[in-house]
Amino acid sequence: ILLSRWPGLGKTISRATKHIAESNQLLEIFAEKDFVLVQGKNPETLSIKELQKLSALKQKNILRYWIDKQGFLMPNEKHLKHVINDVLNAGQDSIPCVSWGDAEIRRHQDDIFVMQPLTPVDINLRLKWNYQERLPLPFNLGSLQANLCLGQGIDPCLLSGELEVRFRQGGETCRLSGRTGTHTLKKLLQEWNVPSWERDRIPLLYYQYNLVAIVGYAVCADFVVSEGQEGLVIS
């Protein structure tokens, strides 16, 4: 019916499609150049400070390029506006999150991250672990494994029973080797620059109600293996 009314419609659509494809190629070329200027502390993040120097059109173009480059579905215009208004322009101490489909964008200090939606963590959960075998973790956190390593990790001689895996509830403290005094876990995580959404997802190892290790970050001083002895390194 359309062709009977406009015989040249097929050529017009073909020409318009070609122009759109060429425009998209140009947008990608511009995005590649701008992307180098706005990369964050690592290749997978973007710097908010650098993004804010660009126009809204360039911000959108770079965000689309970056999200696609990370392998996620493209957000619609509404979600893209939320990223710019609610994430890029949020306060330094805020914890914004914009979600769509299989992705979400979060902010930590000057960097923005795109990732799969996080599974909520039950901070009251406790898991017994004999550390002889790999321990599967819930909440899509992977698993824990202990390996012997000379002069590193937890002193196994101090353990005569199972370890217990817990998650942060607030008020935890740990004394680190080589440092005076005891530090709250909250302060340590801030010092280690751990993104806010990861802090409640870090497994904490306990032995008889004592905090032994913050997995991936530190072993508390009372449980550190002596030099020259084999310790348990948790990965």
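**Exercise 1. Find the contacts of L51 in this predicted model, leaving out residues up to four places away in sequence.**

Step 1. With those sequence neighbours set aside, L51 touches V38, L46, Q59, I62, L88 and I112.

Step 2. Now put L51 in context. The largest nonpolar core has 23 residues, and L51 is one of those that touch the most other members, along with L46, L63, W66, I105 and I112.

Step 3. Which elements each supply at least two residues of this core? They are α2 (9-38), α3, α4, α5, β2, β3 and β4.

Step 4. Don't stop there: another core, of 19 residues, lies apart from it, and Y131, L137, Y207 and V215 are among its members.

A general remark fits here: in soluble globular proteins, nonpolar side chains tend to be buried together.

**Exercise 2. Check the span of helix α5 (residues 77-88), then work out where its buried residues sit.**

Step 1. Start with the length. At 1.5 Å a residue, the 12 residues of α5 should span 16 Å, and the end C-alpha atoms are 15 Å apart, so the two agree.

Step 2. Pick out the buried positions: L80, V83, I84, V87 and L88. Because they cover an arc of only 115 degrees around the axis, they lie on the same side of α5.

Step 3. See what those buried residues pack against: α3 (48-51), α4 (56-69), β2 (97-100), β3 (103-108) and β4 (111-115).

Step 4. Look at the N-terminal end of α5. N76 caps it, with a side-chain oxygen 3.1 Å from the backbone nitrogen of K78.

**Exercise 3. Do the same length check on α4 and look at what follows the helix.**

Step 1. α4 has 14 residues; from first C-alpha to last it reaches 20 Å, close to the 20 Å expected at 1.5 Å a residue.

Step 2. List its buried residues: Q59, K60, N61, I62, L63, Y65, W66 and I67.

Step 3. Move past the helix. G71 follows α4 and has a positive phi, near 85 degrees.

**Exercise 4. Place strand β9 (residues 163-166) in its sheet and sort its side chains by direction.**

Step 1. Write down the strand order. The open sheet of 5 strands runs β5-β9-β12-β13-β14, with antiparallel pairing. Its edge strands are β5 and β14 (218-219), each pairing on one side only.

Step 2. Take the neighbours of β9 in turn. Strand β5 (residues 127-129) pairs with β9 in the antiparallel sense over 3 bridges, and W129 has L163 as its bridge partner. Strand β12 (residues 204-207) is also antiparallel to β9, joined by 3 bridges, with V165 opposite L205.

Step 3. Sort the side chains. L163 and V165 point one way, E164 and R166 the other, and all are buried. As background, side chains in a regular strand alternate between the two faces of the sheet.

**Exercise 5. Is R166 buried or exposed, and what does its side chain make a polar contact with?**

Step 1. R166 has a relative accessible area of 12%. The cut-off for buried is under 20%, so R166 counts as buried.

Step 2. Check for a polar partner: the side chain of R166 makes a polar contact with that of E164, at 2.7 Å.

Step 3. Finish with the surroundings. Not counting residues up to four places away in sequence, R166 touches L125, R126, I202, P203, L204, Y206 and Y209.

How values were computed. Residues are numbered from 1 along each chain as its sequence is written. This is a predicted model: local features need pLDDT of at least 70, side-chain atom pairs count only at pLDDT 80 or more; totals for chains, interfaces and linings use all residues. Side-chain values use heavy atoms; hydrogens and water are left out. Buried means under 20% relative accessible area, exposed over 50%, partly exposed in between (1.4 Å probe, protein chains only). Helices (H or I, at least four residues) and strands (E, at least two) are DSSP runs, numbered from the N terminus. Two strands pair if DSSP finds at least two bridges between them. The expected span of a helix is 1.5 Å times one less than its number of residues. The arc is that of the directions from the helix axis to the C-beta atoms. Contact means heavy atoms within 4.5 Å. A polar contact is a pair of N or O atoms within 3.5 Å; within protein, one must be able to donate a hydrogen and the other to accept it, and residues adjacent in sequence count only if both atoms are side-chain atoms. A nonpolar core is a set of buried Ala, Val, Leu, Ile, Met, Phe, Trp, Tyr and Cys residues joined through side-chain atoms within 4.5 Å.
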